[in-house]
Amino acid sequence: MTQLTAYGVQSKLNLFSNFTYFSEHPYDLGDPVNGDQFEQAERRKTFGFDLSQTWFGKLGNADMSNRIGLQSRYDKLDPVALYSAVKRHRVATISESNVAQDSASIYAENSVQWLPKFRSITGIRADRFNFKVASNIPENSGKVSANITSPKLSLIFGPWNKSEFFANWGEGFHSNDARGTTVRLTPKELLPTEPVTPLVKSRGSELGLRTQIIPGLESSFALWRLKLGSELVFSGDAGDTAPSRPTYRRGVEWNNHYIATPWLLFDLDVALSRTRFTQDDAVGNFVPGSVEKVASFGVAVTEYGRWFGDFHVRYFGPRTLIEDNSKRSRSTTLANLRAGYKIDRNWKVAVDAFNLFDRKANTIDYFYNSRLRGETAAGADDIHFHPAEPRQFRFTVVANF
């Protein structure tokens with residue numbers, strides 16, 4: 001069996017922000033006269049494909065399948081830049097780069113049904129990345145290449161009474177910002193700095209259970225852990241990229257999907273996690289912004305006559321905002337509702353209500369220093385947030401031809 005997927009995407013971004021207002025701090029834009037507004041601009045073209053071939057056969061008396069694949073992606077950013085701005089008008093260039101990034105990956109997967117109630121899936125993946133940066137700061141231009149190999153293993157036991165146990169282990173990675181791999185001078189202060197590691201390894205594992213022992217209910221429960229070599233932090237104010245300390249996460253997930261009737265579905269998902277930096281630091285070992293509790297509940301009507309719709313509630317628990325955990329965000333709970341009617345086989349209409357109960361909540365919170373006009377030069381340390389959108393309605397008409 002041969003599978004091929006190809007894609008192309010063109011996008012642009014002009015994002016204006018002002019997190020610190022009129023600060024004088026050296027790690028921010030620090031303009032107490034015009035303010036600290038900045039613009040992040042990006043023009044991107046992306047092309048890629050995924051090609052795989054699967055064979056089915058036998059290993060002795062055991063059923064076996066083998067798959068090999070090739071993936072490739074090319075990103076062209078022309079440019080990606082950071083500008084200081086006043087009232088959304090550019091007044092200075094902090095950094096401006098043309099970036100070309102390409103990657104190629106080969107992978108192989110082997111699946112064997114060793115026994116009626118035991119099978120294994122083994123895989124390995126090799127990735128190569130090439131980064132090319134042409135910066136308005138000559139010292140920050142350059143080319144970097146990196147390779148990484150990631151093995152993976154899954155063991156599945158069962159089913160017994162419509163239930164099976166699984167154990168997964170594997171390595172992966174994340175790629176860092178291409179500009180960070182070639183940087184030699186900080187974009188604003190032009191101070192010496194070290195480039196980041198292009199590819200950072202991660203290692204994870206989980207133990208879990210999947211079951212359909214209750215008629216109509218698909219449920220899974222898993223204990224997991226994840227280690228990251230570092231997490232890249234990008235400071236939008238300063239235009240810097242820098243790796244943070246290594247982190248360790250562990251948690252539990254419980255997922256449920258219940259088919260009450262052919263037209264009525266229920267979903268319930270709960271996740272708890274604990275995240276810490278693994279290298280001690282006097283500032284603390286909590287990871288700012290890491291989510292500890294997440295839950296969602298949904299009811300969906302697929303086809304009740306000509307009617308359809310769904311109702312979903314999402315909950316995000318309080319989050320630590322600084323490394324010593326002395327400042328925390330509030331929890332966020334938002335609900336959305338959709339109701340629709342199928343006019344005929346080609347036409348249907350729907351109404352969506354976002355933030356149905358018009359909750360005054362924040363979608364993200366930060367804790368740092370900022371200064372309002374007229375405040376002392378020292379400013380104030382405080383929580384800064386992005387509020388959730390107020391209740392909104394959207395009417396949709398869908399026509400199929």
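# Charges, salt bridges and polar contacts in a predicted model

User: How far apart are the mean positions of the 49 positive and 43 negative charges of the protein?

Analyst: The structure is a predicted model. The protein carries 49 positive and 43 negative charges, and each set has its own mean position. The separation of these two mean positions is 5 Å.

User: How many salt bridges does the protein count?

Analyst: A pair qualifies when a side-chain nitrogen of Lys or Arg lies within 4 Å of a carboxyl oxygen of Asp or Glu. One such pair is D75 with R73, whose closest N and O atoms are 2.6 Å apart. By this rule the count for the protein comes to 17.

User: Is D75, the partner of R73 in a salt bridge, buried or exposed?

Analyst: A residue counts as buried under 20% relative accessible area. The relative accessibility of D75 is 3%, so D75 falls in that class. R73, by contrast, has a relative accessible area of 36% and is partly exposed. The class of D75 is therefore buried.

User: Which residues are linked with R73 and D75 in a network of salt bridges?

Analyst: R73 and D75 form a salt bridge at 2.6 Å between their closest N and O atoms. This pair also belongs to a network of salt bridges with further members. The residues linked with R73 and D75 there are E42 and R44.

User: How many residues apart are E164 and R119, and in which strands do they lie?

Analyst: The side chains of E164 and R119 meet in a salt bridge, with 3.6 Å from N to O. This pair links distant parts of the chain, E164 being in strand β7 (residues 163–175) and R119 in strand β5 (residues 118–135). Their separation in sequence is 45 residues.

User: Is E164 buried or exposed, and what is the class of R119?

Analyst: The relative accessible area of E164 is 14%, so E164 is buried. For R119 the value is 25%, and the partly exposed class runs between 20% and 50%. The class of R119 is therefore partly exposed.

User: Which parts does the salt bridge of D352 and R338 tie together?

Analyst: The closest N and O atoms of D352 and R338 are 2.8 Å apart, and the two residues form a salt bridge. Because D352 lies in strand β17 (residues 347–354) and R338 in strand β16 (residues 332–342), the pair ties together parts that are 14 residues apart in sequence. D352 counts as buried at 6% relative accessibility, whereas R338 counts as partly exposed at 26%. The parts joined are strands β17 and β16.

User: Which backbone oxygen does the side chain of R371 reach?

Analyst: R371 is placed in the loop between β18 (362–370) and β19 (380–387). With a relative accessible area of 13%, R371 is buried. Its side chain reaches, at 3.3 Å, the backbone oxygen of T376.

User: With which side chains does the side chain of N256 make a polar contact?

Analyst: N256 is found in strand β12 (residues 247–261), and its relative accessible area of 10% makes this residue buried. Leaving out residues up to four places away in sequence, N256 touches L217, E218, S219, F266, D267, L268 and D269. One polar contact of its side chain is at 2.7 Å, with S219. Another, at 3.3 Å, is with W254.

User: What is the distance of the polar contact between the side chains of Q71 and D50?

Analyst: Q71 lies in strand β3 (residues 62–86) and counts as partly exposed at 22% relative accessibility. Beyond its neighbours within four places in sequence, its contacts include F49, D50, S103 and R125. The polar contact with the side chain of D50 is at 3.0 Å.

User: How far apart in space are Q71 and R90?

Analyst: In sequence, Q71 and R90 are 19 residues apart. From C-alpha to C-alpha, the distance in space is 39 Å.

User: Among contacts between residues at least 6 apart in sequence, what percentage join residues at least 24 apart?

Analyst: The protein has one helix and 20 strands, and its C-alpha atoms fill a box of roughly 70 × 50 × 50 Å along the principal axes. Of its 401 residues, 34% count as buried. For contacts between residues at least 6 apart in sequence, the share that join residues at least 24 apart is 59%.

Key. Residues are numbered from 1 along each chain as its sequence is written. This is a predicted model: local features need pLDDT of at least 70, side-chain atom pairs count only at pLDDT 80 or more; totals for chains, interfaces and linings use all residues. Side-chain values use heavy atoms; hydrogens and water are left out. Helices (H or I, at least four residues) and strands (E, at least two) are DSSP runs, numbered from the N terminus. Buried means under 20% relative accessible area, exposed over 50%, partly exposed in between (1.4 Å probe, protein chains only). Contact means heavy atoms within 4.5 Å. A polar contact is a pair of N or O atoms within 3.5 Å; within protein, one must be able to donate a hydrogen and the other to accept it, and residues adjacent in sequence count only if both atoms are side-chain atoms. Lys and Arg count as positive and Asp and Glu as negative; His and the chain ends are not counted. The place of a charge is taken as NZ of Lys, CZ of Arg, CG of Asp or CD of Glu.
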